[in-house]
Amino acid sequence: SGFVCAIFTKLFLILAGGVEGLVVFLRLIGIILQIVVSIFLFFTLKKSYSKEMSFYCALSVFALLPKGIQVAEFSNLFIWSMVCTMACLWNLYMGSKKVRTYSILAGVFTCVSILCYPSFLIVVPFYVIAIFKLLGDDAKRTMIYFMGTCIVMGMAYIGYFLLHMSVSEFLFGIKQMMTDGAHDVDVMERCLFYLEELGLIVLPSLVCVAIAYVIVKIFVKNAFLEKRKGFIMVICIALLLSIVYQLVVWLNPSDGVYMHTPLSFYFIAYGMGFFCLKNEKALKWIYFIPAGVGFFAALLLTNTGIRVTGSYLLPGILAVFCALSSVKTDEKIFTYINKGVAVAFLLLVLFQRTYLVCETGGYKEDIFYVKQKALSGSAENVYCRWLDGTKYNEAAKVFDEYVEEDIAVLCVSYNSLWYLFKDCTISNFSTISTPTFDERLFEYWDIHPDKYPKIVIVDKEFFDTNEIEALLNVDNSVYCSEMIAVYEIEN
């Protein structure tokens, strides 16, 4: 799923001739892509719902960053591609004559989702069901274009790799990716981790629902004479209370683990969809169900947990907003509450986008933690935490002093941008933000001896230098500070 960043990185290198400022450029590209997706969704929904509600939904998509990172990385690509697939199917449902165009585009965006999470394959049958349930006479033609595109793109993607390696090497690479130490977690351990996260989400959600029920029971007369409206009113007030709760968490000055995403709101709103979308066949099959299954598919492979993947429920939540906006009622309080929820959610995610910054491990980080600037390299002029910025700038000096062009370098760090300080050979088999450093490195170096490192640079905040010394059979570092250690490896 890194192909989008790779394409624009190549463009940047051609235009700029170096990597300085690359991160800022990729963030600008991320903003542009997110704007395009949001505009596409706005014009799609506007065909069925009010401009106002369509705008709220589009702006919510624009404001959403599952990891707080404004680049076209896999979590952003996943939500963007899901939204685009759904928008294509909705245009077909609304009777668009561009059957071939939208069907092919839906197939392309579905392939992008699968590249982000291969387990997203389990969502494809639900798209197929939606096509046959909703598109009538155009269903067969849509199905041919949609599935044909998926198959052709899948074969082309695999074919690209097979041009550069044998089938056995390709399968070996897939196996190594699936058993990566950051993702290869025991099923029971993974489930316990998810249950722990759910506890942080479900408890405040239930409290919000209980308080909302009491409020409606006391202050809204005859609210439950019509059960459906009474239930919706309770849930809407619960959603508003969950927003207040989330703001309190975000603005709490104390440190500690917290949820970067308003997951209590997400889970209450998505749960509401099981009730209010019963008679909304199209919204249910195009947006709501695929979003829920996509969320589950991501959980099968992710190492980030629910705090990131919970954001993937957003398309289903937007379906709930659209359904509520079309409810006919003479009660103004009902209309005000429904609209208030959509507006409050929009303001919340905009606040999230402007106040919070990219967090590590769920810890509280906001704009007031940003106190240092990267002075050179690909992250030049990017502001970050004091510790991260200081360490990054020190790493730049270390590369200047100890790393020569074209030699193999192993950075034992979560910051893979260090590799871009010099035109060097990367010694690790992965440059993801959660790399692992274990005996598998030697298996990789046996296959690719040219990757064996001559210089090892260790981020001492995250990795014990004693473990690295034992793993690589080295003892004395040639450079050692409070944050970074450097080792020279003899062949």
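Is serine 376 buried, exposed or partly exposed? In this predicted model, serine 376 is partly exposed, with a relative accessible area of 28%. That value lies between the cut-offs, since buried means under 20% and exposed means over 50%.

## Overall architecture

The protein chain contains 18 helices and 7 strands. Its radius of gyration is 25 Å, close to the 23 Å that the globule rule gives for 491 residues, so the chain is as compact as a globular protein of that length. Along the principal axes, the C-alpha trace spans about 80 × 55 × 45 Å.

Of the 491 residues, 51% count as buried. Among contacts with a separation of 6 or more, 66% are made by residues 24 or more positions apart.

## Surface and charge

The exposed area of the protein chain is about 23,800 Å², and carbon and sulfur atoms supply 64% of it. The chain carries 38 positive and 43 negative side chains. The centres of these two sets lie 20 Å apart.

## The loop between S1 and S2

Serine 376 is placed in the loop between S1 and S2. When neighbours within four places in sequence are set aside, serine 376 is in contact with Tyr392, Ala396 and Phe421. Tyrosine 444 lies 68 residues from serine 376 in sequence, and the two C-alpha atoms are 31 Å apart in space.

Asparagine 381 also belongs to the loop between strand S1 (370-373) and strand S2 (383-385). Asparagine 381 is partly exposed, at a relative accessible area of 47%. Its phi is positive, at about 75°, although the residue is not a glycine. Most residues other than glycine have a negative phi.

## The loop between H16 and S3

A positive phi is also found at aspartate 406, a residue other than glycine, where the angle is near 75°. Aspartate 406 sits in the loop that runs between helix H16 (386-402) and strand S3 (408-412). With a relative accessibility of 58%, aspartate 406 counts as exposed, because the cut-off for that class is over 50%.

## Helix H5 and its packing partners

Helix H5 (residues 99-116) has 18 residues. From its first C-alpha to its last, H5 reaches 26 Å, close to the 26 Å expected at 1.5 Å a residue. The buried residues of H5 include Val99, Tyr102, Ser103, Ala106, Gly107 and Thr110. Cys111, Val112, Ser113, Ile114 and Cys116 are also among them.

Which helices do the buried residues of H5 pack against? They pack against helix H1 (3-16), helix H2 (22-45), helix H4 (74-93), helix H6 (124-134) and H7.

## Buried positions in H6 and H7

Threonine 142 is located in helix H7 (residues 139-162). At 1% relative accessibility, threonine 142 counts as buried. Apart from neighbours within four places in sequence, threonine 142 is in contact with Leu92, Val99, Ser103, Ile131 and Leu135. Two of these partners, Val99 and Ser103, are among the buried residues of H5.

Alanine 130 is found in helix H6 and is buried, with a relative accessible area of 3%. Beyond neighbours within four places in sequence, alanine 130 is in contact with Leu135 and Trp285. Alanine 130 and leucine 89 are 41 residues apart in sequence, with their C-alpha atoms 8.5 Å apart in space.

## Helix H11

Helix H11 (residues 263-276) has 14 residues, which should span 20 Å at 1.5 Å a residue. The end C-alpha atoms of H11 are 20 Å apart, in agreement with that expectation.

Why is H11 described as largely enclosed by the rest of the structure? The description follows because 10 of its 14 residues are buried. The buried residues of H11 are Leu263, Ser264, Phe265, Tyr266, Ile268, Ala269, Tyr270, Met272, Gly273 and Cys276.

## Glutamate 469 in helix H18

Glutamate 469 is part of helix H18 (residues 465-472). Not counting residues up to four places away in sequence, glutamate 469 touches Val474, Asp475 and Tyr487. Leucine 356 is 113 residues away from glutamate 469 along the chain, and the C-alpha atoms of the two are separated by 37 Å.

Definitions and conventions: Residues are numbered from 1 along each chain as its sequence is written. This is a predicted model: local features need pLDDT of at least 70, side-chain atom pairs count only at pLDDT 80 or more; totals for chains, interfaces and linings use all residues. Side-chain values use heavy atoms; hydrogens and water are left out. Helices (H or I, at least four residues) and strands (E, at least two) are DSSP runs, numbered from the N terminus. The radius of gyration is taken over C-alpha atoms; the globule rule is 2.2 Å times the number of residues to the power 0.38. Buried means under 20% relative accessible area, exposed over 50%, partly exposed in between (1.4 Å probe, protein chains only). Contact means heavy atoms within 4.5 Å. Accessible areas come from the Shrake-Rupley method with a 1.4 Å probe; for residues, only the protein chains shown count as cover. Lys and Arg count as positive and Asp and Glu as negative; His and the chain ends are not counted. The place of a charge is taken as NZ of Lys, CZ of Arg, CG of Asp or CD of Glu. The expected span of a helix is 1.5 Å times one less than its number of residues.
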